[in-house]
Amino acid sequence: MDEFERVGVLGCGLMGSGIAEVCARAGAGVVVVEANDAAVAAGRKRLTASMEKAVVSGRLNAADRDEALARISFGTDIGAFRDRQLVIEAVPEVMDLKLDAFRRIDAVIQDPETILASNTSSMPIGRIAAATRRPENVLGVHFFNPAPVQPLVELVTGLQTSSETLARASAFAAGLGKEVIVAKDRAGFVVNALLIPYLLSAIRMVEAGHATAADIDTGMVAGCAHPMGPLKLTDLVGLDTTLHVAAALYEEFKEPHHAPPPLLRRMVEAGMLGRKSGRGFYDYG
């Protein structure tokens, strides 16, 4: 982490807060920028609660928690990123939002060597990079939920991403204690290209009345030794995120098994997004 002492994170939702936490716990000074004061307050609360949970579970001691929290600052001014050595975007999976975010970040960054990274789980890195003046410094740095716990980071290179940027980003992720894999710029990258069709198949089973969500999950946990069934995993990932990734896969490849099932769309439209909304395929109270 010696090279990346100053990190910026745009967005402090489920993923952004986890990424900020991981970076701060590794010793970096982190600036978190959100859209408004309400989002800042919600993000701060989410991040603090995550660290408290880590203390209670014994994965983090109280002194390290306090030091990590002291390394994080919050605000609404994207100009706070001007001195960052790495900025990670973690806004919703909407291309127009991401393009606008990268244009704004690129405009304020002072160091030409700063890496601009997207936590996108499905969107084209090359298209995002083209919104900046430094496409060679742009790549995907895809964390998995929850970022403080999941050991994997996917690095995704666009056509113009330099080998130096990839090497520096790989060293950064390794410095966080993460396992690193590298993927080319195609929808779904590695993990979601394999995972999403599996989740969609489980949703189609529920939709067709073939089996209940609980029985499907029990079958995969007890019969295939999966740590979590596909419907509980969809709730954890977020039904909206699952829909966005599936739509991106279908747009690029036009394969039927990538097409989002109508049930998934209806649940998202109804605000049933999974754990983060309190209800998805299961009720979380």
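Which residues does UniProt list for "domain: 3-hydroxyacyl-CoA dehydrogenase NAD binding"? I looked this up before turning to the coordinates, and the record, an unreviewed entry, gives residues 7–185. I note at the outset that the model I am reading is a predicted one.

Entry on the two annotated stretches. Over residues 7–185 I find the chain to be 41% helix and 22% strand, with the end C-alpha atoms 24 Å apart. UniProt also places "domain: 3-hydroxyacyl-CoA dehydrogenase C-terminal", again from an unreviewed entry, at residues 188–284. In that stretch I read 62% helix and 0% strand, and the C-alpha atoms at its ends lie 28 Å apart.

Entry on the sheet. I traced 8 strands that form an open sheet of mixed pairing, and I wrote down their order as S3-S2-S1-S4-S5-S6-S7-S8. Strand S3 (72–75) and strand S8 (179–184) stand at the edges, and because each has a single partner strand, one side of each is left without a neighbour in the sheet. From one strand to the next, the twist averages 25°. I then followed one edge pairing in detail: strand S7, residues 152–157, runs parallel to S8 and is joined to S8 by 6 bridges. Which residue of S8 is the bridge partner of Leu152? I found Glu179 in that place.

Entry on the largest pocket. I recorded about 930 Å³ of space in the largest pocket. Of its 41 lining residues, those closest to the centre are Leu14, Met15, Val237, Thr241 and Lys276. Which element gives the most to this lining? I assigned that place to H10, which supplies 5 residues. The elements that each supply at least two residues are helix H1 (14–25), helix H2 (37–57), strand S6 (138–143), helix H7 (191–207), helix H9 (230–237) and helix H10 (239–253). By class, I noted 19 nonpolar, 15 polar and 7 charged residues in the lining of the largest pocket. Both domain 1 (6–184) and domain 2 (191–276) are represented there, with at least three residues drawn from each.

Entry on the second largest pocket. For this one I noted a volume of about 600 Å³. The lining of the second largest pocket consists of 21 residues, and nearest its centre I found Leu14, Ser50, Lys53, Asn145 and Pro146. Two or more residues of this lining come from each of H1, H2 and H9, and H2 gives the most, with 5 residues. I divided the lining of the second largest pocket into 9 nonpolar, 5 polar and 7 charged residues. Here too I found at least three residues from each of domain 1 (6–184) and domain 2 (191–276). Leu14 had already appeared among the residues closest to the centre of the largest pocket, and Leu14 is again one of those nearest the centre of the second.

Entry on backbone geometry. Most residues other than glycine have a negative phi, and most peptide bonds are trans, so I looked for departures from both patterns. Where does a cis peptide bond occur? I located one joining Asn145 and Pro146, with omega about 0°. Pro146 belongs to the loop between S6 and S7, and both Asn145 and Pro146 are among the residues nearest the centre of the second largest pocket. For phi, I noted Phe189, a residue other than glycine whose value is positive, near 55°. Phe189 sits in the loop between S8 and H7.

Definitions and conventions: Residues numbered from 1 in each chain as written. Predicted model: local features only at pLDDT ≥ 70, side-chain atom pairs only at ≥ 80, totals over all residues. Heavy atoms only, no water. Pairing = 2+ DSSP bridges. Helix = DSSP H or I, 4+ residues; strand = E, 2+ residues; numbered from the N terminus. Axes fitted to C-alpha atoms, helices over the stretch in contact; angles between N-to-C directions. 1 Å grid on protein atoms, 1.4 Å probe; cavity = no way out; pocket = protein on both sides within 12 Å on 5 of 7 lines; lining within 4 Å. Points joined across faces, edges and corners; volume = space filled by probe spheres on them. Nonpolar A, V, L, I, M, F, W, Y, C, P; charged D, E, K, R; others polar. Domains from an automatic or database assignment. UniProt positions renumbered as here; feature names shortened; annotations may be inferred.
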